[in-house]
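Me: I'm new to reading structures, and I'd like a close look at a single part. Please pick one and take me through it slowly, explaining the terms as you go.

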Amino acid sequence: MGRGLDDRELRRRAVEGIRGEVEAFGSAARDSLLIHRSGLLASLVPASPQRSVFNSVFYDDPAALAAEVEALEEVYESHGVRAWTVWVPDEDRESARMLGARGHALDAAPRAMAMALANLGAEPRAPEGVSIAPIDPATCAELNDRAYGFGEDGFRAGFAGETAIRWHGTYADEAPVGCLGTIATGEDCGVSGVATPPEHRGRGIASWLLWSALAEARANGFASASLRASRAGAPLYERIGFRDLGFVEMWEMRR
């Protein structure tokens, strides 16, 4: 493992990487907004009012969250957003209790995962007939909607514009069959928007594309990679070398 990259530091990077995603969510669509407060960053995406993943709050100061949560409620409501969420690290039980008392419900608890890129293993076998090539954000938004069963109010509504995310794509017979995004946060390469449509799963596309993106990040001087994974997705990342470092809860308000 790289110097200084013990599990505690890797977990810190996995949690801090949420900030980059929130910033991307709040800057991808024309009418989206970013709410900056000391110790807190929130994205507001009116084009996707029922998708709390896009309307989300990252904080690194629980006191800032407690002080701003009522104002956040008012801002989201005034923009017609009916579902928004707060990312709460598993060790912050006080914020979780505070949000629960205000009517938020625990919606999901993705795994916080990270790895030192010095430990990246051998390249997986390339899927037959699949190639890696540049891909645009709008195509990636459509792939994510197909992969996660969202309608047009999903990624295509709120996440199809240019952001700090760099997108990587795979193609078969010139048609896009998978994608993922990388976000630079210091010397950490965050991973987001990993998507393979149902008809192309089971071919190793996501594993191969992810390995290729991480190998490129390592060559470009990044020391680590991090992401948040569902329970179903975590085994894929563990095979690449990511470590499971606890979880981050999503406390959702839905009206």
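Reply: Let's start with the names: helices (DSSP runs of H or I, at least four residues) and strands (runs of E, at least two) are numbered from the N terminus. What you see is a predicted model, where local features need pLDDT of at least 70 and side-chain atom pairs count only at pLDDT 80 or more, while totals for chains, interfaces and linings use all residues. Residues are numbered from 1 along each chain as its sequence is written, and side-chain values use heavy atoms, leaving out hydrogens and water.

Our part is the largest cavity. On a 1 Å grid over the protein atoms alone, a cavity is a set of points where a 1.4 Å probe fits but cannot get out, and its lining residues have an atom within 4 Å of a point. Points are joined across faces, edges and corners, and the volume is the space filled by probe spheres set on them. By this rule there are 2 cavities of 30 Å³ or more, and the largest has a volume of about 40 Å³.

Around this largest cavity you can find Gly17, Glu21, Ile183, Thr185, Gly190, Val191, Ser192 and Arg228. Helix H1 (7-25), strand E9 (175-185) and strand E10 (188-195) each give two or more residues to that lining. E10 gives the most, with 3 residues.

Now sort the lining by type: Ala, Val, Leu, Ile, Met, Phe, Trp, Tyr, Cys and Pro count as nonpolar, Asp, Glu, Lys and Arg as charged, and the others, Gly among them, as polar. The lining of the largest cavity then splits into 2 nonpolar, 4 polar and 2 charged residues.

Terms used: On a 1 Å grid over the protein atoms alone, a cavity is a set of points where a 1.4 Å probe fits but cannot get out, and a pocket is an open set with protein on both sides within 12 Å along at least five of seven lines; lining residues have an atom within 4 Å of a point.
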